[in-house]
Amino acid sequence: VKDWVAGVLGPGVAVEYGRFPEAPVACEVKSSPGDPWVKRYQSGGGVKRYAYEVYIRVNPRGGEARRFDALAALRSLQARIESREVPDIGAACFSHEVTQLPNEHSTEKDGRAVYQMTAALTYHEKGN
């Protein structure tokens, strides 16, 4: 999912899993807490749900870095999800949905703004 998000956001955004990279425009992708199993089969497989969060941190004042509209970038990601695009995870995907719309999440002590959205991917995991 991290690579898919990076591809949608483009080359001007540094993307890492589980932490913000040190970059003027930084994106963190991480798993949301919760049980991933929707339904288990006796074969060992089942239906799983991967819920994830996407955060983009920017300096809204611009500074040395070019101005980046994080909310517009997250809305672009939202549009791709709503058009039924799914990342290649090596499994059959049933759905990909936005669970929290893009929004301003917080402002850090140094003035950088953090924007977020959440989504979930439901897919079939094969058993043994």
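I take helices (H or I, at least four residues) and strands (E, at least two) as DSSP runs, numbered from the N terminus. On that basis I count two helices and six strands in the chain. The model is a predicted one.

**Entry 1: overall layout.** I read along the sequence and noted the pattern α-β-β-β-β-α-β-β. I boxed the C-alpha atoms along the principal axes and got roughly 55 × 25 × 20 Å. The chain has 128 residues, of which 40% count as buried. I put the accessible surface at about 7,500 Å², with 47% of it belonging to carbon and sulfur atoms. I also looked up contacts between residues at least 6 apart in sequence, and 57% of these join residues at least 24 apart.

**Entry 2: strand β4.** I asked which strands pair with β4, and in what sense. Strand β2, residues 26–31, is antiparallel to β4 and shares six bridges with it. In that pairing I found Glu28 opposite Tyr55. Strand β3, residues 37–40, also pairs with β4 in the antiparallel sense, over three bridges. Here Trp37 faces Lys48. The hairpin of β3 and β4 leaves five residues between the strands, and Gly44 in this hairpin has a positive phi near 105°. Strand β6, residues 113–125, runs antiparallel to β4, and 13 bridges join the two. I located Val58 of β4 opposite Ala113 of β6.

I then checked burial in β4, which spans residues 46–58. Buried here means under 20% relative accessible area. Ten of the 13 residues meet that cut-off, so the strand is largely enclosed by the rest of the structure.

**Entry 3: the end of β6.** I looked at Glu125, which lies in strand β6. Is Glu125 exposed, partly exposed or buried? Its relative accessibility is 27%, so I log Glu125 as partly exposed. Beyond its neighbours within four places in sequence, Glu125 touches Trp37, Gly45, Gly46 and Lys48. Trp37 and Lys48 are the residues I had already noted opposite each other in the pairing of β3 and β4. I also took the C-alpha distance from Glu125 to Val47: 6.0 Å in space, with their positions 78 residues apart in sequence.

**Entry 4: helix α1.** I listed the buried residues of α1 as Trp4, Val5, Val8 and Leu9. Down the helix axis they fall within an arc of 130°, so they line one face of α1. As background, an α-helix has 3.6 residues a turn, so residues three or four places apart point the same way. On the other side of α1 I found Asp3 and Gly7 exposed. The buried residues pack against β1 (14–17), β2, β4, α2 and β5 (92–107). Just after the helix, Gly10 has a positive phi of about 95°.

**Entry 5: the nonpolar core.** I looked up the largest nonpolar core and found 24 residues in it. Those with the most contacts inside the core are Val5, Cys27, Val54, Ile56 and Leu77. At least two core residues come from each of α1 (2–9), β2, β4, α2 (70–82) and β6. Helix α2 gives the largest share, five residues.

I followed one of these residues, Val5, outward. Leaving aside its neighbours within four places in sequence, Val5 is in contact with Cys27, Val29, Tyr52, Val54 and Leu77. For context I note that in soluble globular proteins nonpolar side chains tend to be buried together.

Terms used
Residues are numbered from 1 along each chain as its sequence is written. This is a predicted model: local features need pLDDT of at least 70, side-chain atom pairs count only at pLDDT 80 or more; totals for chains, interfaces and linings use all residues. Side-chain values use heavy atoms; hydrogens and water are left out. Buried means under 20% relative accessible area, exposed over 50%, partly exposed in between (1.4 Å probe, protein chains only). Two strands pair if DSSP finds at least two bridges between them. A nonpolar core is a set of buried Ala, Val, Leu, Ile, Met, Phe, Trp, Tyr and Cys residues joined through side-chain atoms within 4.5 Å. Contact means heavy atoms within 4.5 Å. The arc is that of the directions from the helix axis to the C-beta atoms. Accessible areas come from the Shrake-Rupley method with a 1.4 Å probe; for residues, only the protein chains shown count as cover.
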